[in-house]
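This report describes the fold, the sheet and the nonpolar cores of a protein. The sequence and the structure are shown first.

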Amino acid sequence: MLLAANLAFAGSAASPSIRNLSHPAPHRMASGALDAADMPTLRQAGVKEIISLRTPEETPRFDEAKVVRSAGMTYRNLPIHGAKGLTRANVERFDALLRQAGDKITLVHCASSNRVGAMIALRAAWLQHKSPAEALAEGQRWGLKSLASAVRARLNAPTTKEN
C-alpha cells in the first residue's frame, strides 16, 4: 500500500518532467528521460537504484550518475544504442543488473521507455522462455513502441550470442 502511494506521488504534478512513468512490475518502475530535478521525487517515492539505458551523449545537460549518487541512490548504466544495441549480450547484462537490484525499488529508464520495453521483451523471450507474443506484451507494458519491429525480428530469428 505504501509503495502504491509513493508511486502515485512520483507520478503526480510534483514530477511532470518524468516522461512515461510506470510501475510495470513489483519493485520496478520504468520511465523516459530524467532530469536532475526529478531525483528528490524519486528518492521520496522509495527508489533505491536507477538503471539507465541512455548513452552518455544523451545526457549533456547534467552528469546523471553524479546527481543520482548524490541523492543517495545507486546508479547503473548500460548504454543501448537503439536497435543495434538489442543484442543477447546486452540482454544478459541487463538481466544481471535487474537481478543485482533484487527487491530494491528500481527505476529503469531511457529517453522514452522504448528501449526499456525492448530489453524487457527480449529478456522475457530469451532468458525467461516466454513466447514471442507474451514477450512483446511484457515489453509493451514497460514502454516498447517504435522498436517493436526490431524486437519481433530478433524473436523470429534463432537466438545466438550475436542477436
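## Fold, sheet and cores

In this predicted model, the protein contains seven helices and five strands. Read from the N terminus, these elements follow the order α-β-β-α-β-α-β-α-β-α-α-α. Of the 163 residues in the protein, 50% are buried. The accessible surface amounts to about 7,700 Å², and carbon and sulfur atoms account for 55% of that area. When contacts between residues at least 6 apart in sequence are considered, 71% of them connect residues at least 24 apart.

**The sheet.** The five strands are arranged as an open sheet with mixed pairing, in the order S1-S2-S5-S3-S4. Its edges are formed by strand S1 (22–25) and strand S4 (74–77), each of which pairs on one side only. On average, and with direction ignored, neighbouring strands of the sheet are turned by 25° against each other. Strand S3 (residues 49–52) is joined to strand S5 (residues 106–109) by four bridges, and the two run in the parallel sense. Within this pair, Glu49 lies opposite Thr106 of S5. Helix H4 packs on the sheet, where it touches strand S2 (28–31), S3, S4 and S5. The direction of H4 makes an angle of about 175° with that of S3.

**The nonpolar cores.** The largest nonpolar core comprises 31 residues, and Leu53, Leu86 and Val151 have the most contacts inside it. Four helices that each supply at least two residues of this core are listed below.

| Helix | Residue range |
|---|---|
| H4 | residues 88–101 |
| H5 | residues 114–126 |
| H6 | residues 132–142 |
| H7 | residues 148–156 |

H5 provides the largest share of the core, namely nine residues. A second core, separate from the one just described, consists of 14 residues, including Met29, Val47, Ile50 and Ala65.

**Surroundings of Leu53.** Which residues are in contact with Leu53, leaving aside its neighbours within four places in sequence? The partners are Glu58, Leu78, Pro79, Ile80, Phe94, Val108, His109, Cys110, Arg115, Val116 and Met119. Among them, Val108 and His109 fall within strand S5 (residues 106–109). Phe94 belongs to the range of helix H4 (88–101), and Arg115, Val116 and Met119 belong to that of helix H5 (114–126). Leu53 is thus in contact with residues of the sheet and with residues of two helices that supply the largest core.

Notes
Residues numbered from 1 in each chain as written. Predicted model: local features only at pLDDT ≥ 70, side-chain atom pairs only at ≥ 80, totals over all residues. Heavy atoms only, no water. Core = buried A, V, L, I, M, F, W, Y, C linked by side-chain atoms within 4.5 Å. Buried < 20%, exposed > 50% of the residue type's maximum accessible area, 1.4 Å probe, protein only. Contact = heavy atoms within 4.5 Å. Areas by Shrake-Rupley, 256 points an atom, 1.4 Å probe, with all protein chains shown as cover. Pairing = 2+ DSSP bridges. Axes fitted to C-alpha atoms, helices over the stretch in contact; angles between N-to-C directions.
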